[in-house]
Amino acid sequence: MEKDEARLSLKSLIEEEMPDIADVDFDKDIIQEYGINSVSIIKIIVAAERKFGIVFTDYELSLDEYGTFGDLAAVIKEKVDNKED
């Protein structure tokens, strides 16, 4: 999976799960800029797990792991790439 593909897929998931977020910037702080909390990050992660057939560990469900949506997109890309091996 290419970096841009991971970002576009994540953007689509964010728009589905959190329609109040109109413009996703992958470099902005997700807590300060978008008001993301632990429940909302888990919703996005669960949607990504369903869409890509990947699994996040309990540790990876923590909001502290993702400062930006770019961080989350990178983890999704890595998991999808490892799944394909």
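How many aromatic pairs does the structure hold? Just one. Before I go on, please keep in mind that this is a predicted model.

So, the pair. Y34 and F69 are the partners, and their arrangement is tilted, with 5.3 Å centre to centre and 45° between the planes. What I like here is the connection along the chain. The pair links distant parts of it: Y34 belongs to helix α2, residues 30–34, and F69 to helix α4, residues 69–84, with the two positions 35 residues apart. Are these two buried or exposed? Both Y34 and F69 are buried.

While we are on rings, have a look at F56 as well. The charged end of K79 sits over the ring of F56, at 5.2 Å from its centre.

Now to the core. In general, nonpolar side chains in soluble globular proteins tend to be buried together. Here the largest nonpolar core has 27 residues, and the ones touching the most other members are L10, I36, F69, L72 and I76. Which elements give two or more residues to this core? They are α1, which covers 3–17, together with α2, α3 and α4. The element giving the most is α3, with six residues. You will recognise F69 from the aromatic pair. As for L10, leaving out residues up to four places away in sequence, it touches F26, I44, F69, L72, A73 and I76.

Let's take the helices in turn, beginning with α1. This helix has 15 residues and reaches 21 Å from its first C-alpha to its last, close to the 21 Å expected at 1.5 Å a residue. Its buried residues are A6, R7, S9, L10, L13 and I14. They lie on the same side of α1, because they cover an arc of only 165° around the axis. Turn to the other side of α1 and you find D4, L8 and E16 exposed.

Let me pause on S9, which lies in helix α1. Why does S9 count as buried? Because its relative accessibility is 12%, and the cut-off for buried is under 20%. Setting aside neighbours within four places in sequence, S9 is in contact with K51 and F52.

That brings us to α3. It has 15 residues and reaches 21 Å from first C-alpha to last, close to the 21 Å expected at 1.5 Å a residue. The buried residues of α3 are S40, I41, I44, I45, A47, A48 and F52. Their arc around the axis is only 160°, so they sit on the same side of α3. On the other side, V39 and R50 are exposed.

R50 deserves a closer look. Its place is in helix α3, residues 38–52, and it counts as exposed because its relative accessibility is 59%. Compare its position with that of L8: the two are 42 residues apart in sequence and 16 Å apart in space, C-alpha to C-alpha.

Last stop, D29. Where is it placed? In the loop between α1 and α2. At 32% relative accessibility, D29 counts as partly exposed. Apart from neighbours within four places in sequence, D29 is in contact with Y34, G67 and T68, and Y34 is a member of our aromatic pair. From D29 to I42 there are 13 residues along the chain, and their C-alpha atoms are separated by 17 Å.

That's my tour, thanks for listening!

Definitions and conventions:
Residues are numbered from 1 along each chain as its sequence is written. This is a predicted model: local features need pLDDT of at least 70, side-chain atom pairs count only at pLDDT 80 or more; totals for chains, interfaces and linings use all residues. Side-chain values use heavy atoms; hydrogens and water are left out. Rings of Phe, Tyr and Trp (its six-membered ring) pair if their centres lie within 6.5 Å; planes under 30 degrees apart count as stacked, over 60 as edge-to-face and the rest as tilted. Helices (H or I, at least four residues) and strands (E, at least two) are DSSP runs, numbered from the N terminus. Buried means under 20% relative accessible area, exposed over 50%, partly exposed in between (1.4 Å probe, protein chains only). A charge sits over a ring if NZ of Lys or CZ of Arg is within 6 Å of the ring centre and within 35 degrees of the ring normal. A nonpolar core is a set of buried Ala, Val, Leu, Ile, Met, Phe, Trp, Tyr and Cys residues joined through side-chain atoms within 4.5 Å. Contact means heavy atoms within 4.5 Å. The expected span of a helix is 1.5 Å times one less than its number of residues. The arc is that of the directions from the helix axis to the C-beta atoms.
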